[in-house]
Amino acid sequence: MHDPLNMRPQMQCSHGHVGIIHQTCDVLPPCAWGSDHLRVFLVLPLLLTIFLISCGGVVSSDPPPPVTVTVSPASAQPFAGTSVQFTATVQNAGSSVVNWQVNGKTGGDITTIGAISASGLYTAHDPPPTPPNVTVSAVLQSDPAKSGSSNVTIQPLSAIHGTLLLSPKLSSVTTSQTLQLEVASYGLSNNQVSWAVDGFPGGNTAAGTITNGLYTPPGAAGPHLIIATLGAAIGSATVEVTDFAGTFTWRNDPSRSGQNSKELALAPVPTSVTSSTFGKLFSCPLDGYAYAQQLYVANLAISGSQTRNVVIVATAKDTVFAFDADTNANPCVPLWQRSLIPSGEEAVPAPTTAGITSYDFYPFIGIMGTPVIDPSTSTLYVVAKTQTTSTQPAYYQRLFALDLATGQPIQPSGMLISAPASVDTPFSAMLENQRAALLLDNGTVYIAFGSYDGQGDYHGWLMGYDASTLQQTSAFDVAPGIGAKGGIWQSGGGPSADSNHNVFVVTGIGMFDVNRGGQNYGDSFLKFSPTATGGLALTDYLNPCQTTLGNANPPQGLGSSAPLLLPDSIGPVSNPNLLLGAAKNGSLYLVDRNILGGYDTCSGTPPQPVQEVPVGDGPILSTPLFWNNTLYVAAGNGKLKAFPMSGGVLAQSPLPAQSAETLGPQGATPVLSSNGASNAITSNAIVWLIDASGALAMPNTPAILRAFDASNLSKEIYNSAMVPSRDAAGLAVKFTVPTVANGKVYVGTQTELDVYGLLP
């Protein structure tokens with residue numbers, strides 16, 4: 001057929017044959033009708049589509065995506081009477097509104113198969129239907145032919161057997177923490193059970209509140225019973241809420257008691273500390289040895305974070321770390337960390353060719369003494385030792401005040417420690433070892449110095465610095481004579497202070513000649529009292545019989561233990577307020593801290609110690625613990641022993657119950673956790689210590705955390721070597737002390753902070 005205008009393509013239409021279409025963007029002419037007219041008529045739409053596409057038209061051959069409805073979860077096994085929340089996901093539909101059905105019935109039937117709300121919350125019928133299987137469906141309102149479903153099997157309550165398991169079974173929280181409890185059995189979820197605290201559904205202000213297992217404690221301390229119920233089934237867990245504010249100084253307080261009397265969760269009766277209930281929870285990497293005891297602060301507002309319980313760790317590489325005390329970030333990441341090394345300086349390598357040739361502390365000397373915290377100003381005080389990086393280095397020791405929330409130094413360069421200009425004796429930043437813990441008392445930071453294995457012409461110093469300005473307020477040289485020594489190191493223990501702000505230290509081996517008109521106070525108990533100008537003055541001393549160089553052979557070495565202040569009025573009527581010290585000769589010394597007495601002439605008449613009690617083991621290189629009229633001591637190469645006190649008099653022999661293990665040549669410094677300061681039930685207390693004998697092994701071996709029933713030291717209720725694959729600590733550091741707080745125990749090692757606590 002010909003187009004007279006010659007503007008259309010030619011097309012042959014004859015009996016069942018369609019001719020070739022020549023491409024153009026015009027409209028096709030109609031074909032002549034032959035015997036196959038119907039076939040041509042049906043093919044024309046397809047030809048038109050092909051032609052439009054070839055001409056750049058917009059016609060697409062892809063079919064529209066299908067409409068789908070998916071229900072989540074795809075299956076469920078609720079118990080009778082409990083609920084499951086279902087959700088529907090609709091794709092490729094203009095509307096996502098669905099109708100919920102159970103077994104094809106919109107809304108279900110509460111009397112037979114269970115009901116479902118318009119939001120998809122299904123409540124299973126109690127008792128389950130027969131059979132106990134139903135189908136929950138979401139039907140698209142705009143197109144009822146489109147739906148999704150979930151298979152539901154309803155379990156009878158009898159399958160629970162009457163008991164629900166909750167996790168954790170026992171836990172401890174501070175007043176600012178929340179705790180998520182979980183139903184740990186039978187495939188239940190937290191929203192399927194009813195929660196109560198101390199018998200109150202959902203809890204209340206006094207008991208704390210709970211929603212779907214999330215417990216928010218009240219503002220006061222005490223135990224609370226969490227109850228979960230489902231029908232006749234019941235489960236319980238105990239949460240101990242503590243108002244323990246923190247461990248702000250070495251061994252807890254200025255008297256160096258070593259006691260946390262607000263530890264409610266960790267107690268041997270009921271048995272909460274065993275190898276099956278207690279173990280290592282997590283570890284945090286450190287950059288150096290942690291000689292200092294870890295400090296703990298509860299409910300601290302951290303900059304850029306929420307309120308946390310925080311553990312502070314200082315290392316011999318001059319770094320201070322702040323870690324979340326409760327949570328392992330996996331890996332453990334500090335909340336903040338601060339290096340106290342100025343530019344061009346470094347932590348002191350040990351031993352050094354410049355003068356510190358001892359391996360007493362290795363491989364670096366940086367922060368050695370335990371820092372101290374002022375909670376009223378949220379300030380951490382710490383002393384760091386550094387040297388310049390030159391071939392002939394200069395040495396420095398500095399006092400820093402750090403903001404607890406950020407770790408930022410309040411005075412960026414710190415305060416350089418030196419002897420005052422009025423004193424002739426030089427202060428050697430290289431030879432002086434700031435090993436003793438810091439003391440904060442009455443607005444003053446006290447810093448004591450000893451040596452490295454007695455090397456060089458060092459001197460024992462006690463210095464005071466104003467906590468606000470970091471200006472030096474006092475400085476006392478224990479033994480200013482040349483080579484007179486008299487260091488204050490106390491096995492890492494700090495000076496102590498009483499309620500009248502008297503400060504006590506015990507000096508080590510050194511010259512004593514005060515009785516002959518000299519100025520040297522080696523091997524002595526020293527008492528300092530505050531002055532009207534804010535300084536500190538020596539007001540009393542005791543040099544026990546046969547400790548003086550030249551009289552004793554060998555000398556007693558009193559300074560191997562920190563001065564422990566016993567509770568007021570614990571002593572006999574003649575000497576009610578006692579101080580306890582210990583010596584390298586293996587003896588305990590009880591002295592009257594009100595009147596130390598001066599020089600003991602060995603005549604058998606005062607001045608002299610109130611009591612001297614030999615422990616019967618090696619040298620005492622640790623600080624004993626006193627609690628509930630019992631003195632606990634672990635001497636070198638000895639066992640942990642308990643000496644009872646009656647009528648203010650300490651027994652000369654220990655109780656028969658002692659630790660099974662000896663604790664190495666350096667012994668150990670114990671601490672104690674209890675649920676009451678004056679609790680007469682000793683079975684509610686635990687004595688904790690770090691067995692650091694591995695620090696002297698070659699090669700070094702892990703530290704071992706040990707826990708003993710305070711009423712029976714032969715009963716070691718836990719040690720970290722019981723399950724080594726789970727609980728092994730890092731390599732041991734000598735003279736270390738554990739920190740117990742809020743249901744956890746913190747152990748510093750050569751490479752990591754290890755955190756132990758109740759297992760989930």
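**Figure 1. The largest pocket of the predicted model holds about 650 Å³ of space.** Twenty-nine residues line the largest pocket, and those closest to its centre are Q177, T178, L179, D326 and K744. Two or more lining residues come from each of the strands β15 (170-174), β16 (179-180), β27 (278-285), β29 (307-314) and β62 (752-758). Strand β15 makes the greatest contribution to the lining, with five residues. Sorted by class, the lining of the largest pocket comprises nine nonpolar, 16 polar and four charged residues.

**Figure 2. The largest cavity encloses about 70 Å³ of space.** Rolling a probe the size of a water molecule over the atoms reveals where empty space remains. Across the whole structure, six cavities of 30 Å³ or more are found. The lining of the largest cavity is made up of S491, L621, S622, Q666, G667, A668, T669, I690, A692, F735 and T736. By class, five of these lining residues are nonpolar and six are polar, and no charged residue takes part.

**Figure 3. A salt bridge joins R308 and D324.** The closest N and O atoms of R308 and D324 are 2.7 Å apart. R308 belongs to strand β29 and D324 to strand β30 (residues 319-324), so the pair ties together parts that are 16 residues apart in sequence. R308 counts as partly exposed because its relative accessibility is 22%. D324, by contrast, counts as buried, at 10% relative accessibility. In the structure as a whole, the count comes to 14 salt bridges.

**Figure 4. E345 and R398 form a salt bridge with closest N and O atoms 3.0 Å apart.** This pair links distant parts of the chain, with E345 in strand β32 (residues 345-346) and R398 in strand β37 (residues 395-403), 53 residues apart. Both E345 and R398 are buried.

**Figure 5. In a further salt bridge, R706 pairs with E716.** The closest N and O atoms of R706 and E716 lie 2.8 Å apart. Because R706 lies in strand β58 and E716 in strand β59 (residues 712-719), the pair ties together parts that are ten residues apart in sequence. R706 is buried, with a relative accessible area of 6%, whereas E716 counts as partly exposed, at 24% relative accessibility. Elsewhere, K280, E752 and D754 are joined into one network by salt bridges that share partners.

**Figure 6. D709 lies in strand β58 (residues 704-709).** The relative accessibility of D709 is 4%, and the residue therefore counts as buried. The side chain of D709 is joined to that of S711 by a polar contact of 2.8 Å. Strand β58 also holds R706, the salt-bridge partner of E716 shown in the preceding figure.

**Figure 7. A436 occupies the loop between β38 (415-416) and β39 (439-441).** A436 is buried because its relative accessible area is 0%, under the cut-off of 20%. The C-alpha atoms of A436 and P495 are separated by 7.5 Å, although the two residues are 59 residues apart along the chain. With its neighbours within four places in sequence left aside, A436 is in contact with G369, T370, A448, I488, W489, G492, G493 and G494.

**Figure 8. R593 is placed in the loop between β49 (587-592) and β50 (598-599).** With a relative accessible area of 5%, R593 is buried. The R593 side chain reaches the backbone oxygen of L578 at 2.8 Å. When neighbours within four places in sequence are left aside, the residues in contact with R593 are D498, F504, K527, L565, L566, D568, N577, L578 and L579. L578 thus appears both as the residue whose backbone oxygen is reached by the R593 side chain and among the contacts of R593.

Key
Residues numbered from 1 in each chain as written. Predicted model: local features only at pLDDT ≥ 70, side-chain atom pairs only at ≥ 80, totals over all residues. Heavy atoms only, no water. Helix = DSSP H or I, 4+ residues; strand = E, 2+ residues; numbered from the N terminus. Buried < 20%, exposed > 50% of the residue type's maximum accessible area, 1.4 Å probe, protein only. Polar contact = N/O pair within 3.5 Å; in protein donor to acceptor, adjacent residues only side chain to side chain. 1 Å grid on protein atoms, 1.4 Å probe; cavity = no way out; pocket = protein on both sides within 12 Å on 5 of 7 lines; lining within 4 Å. Points joined across faces, edges and corners; volume = space filled by probe spheres on them. Nonpolar A, V, L, I, M, F, W, Y, C, P; charged D, E, K, R; others polar. Salt bridge = Lys/Arg side-chain N within 4 Å of Asp/Glu carboxyl O. Contact = heavy atoms within 4.5 Å.
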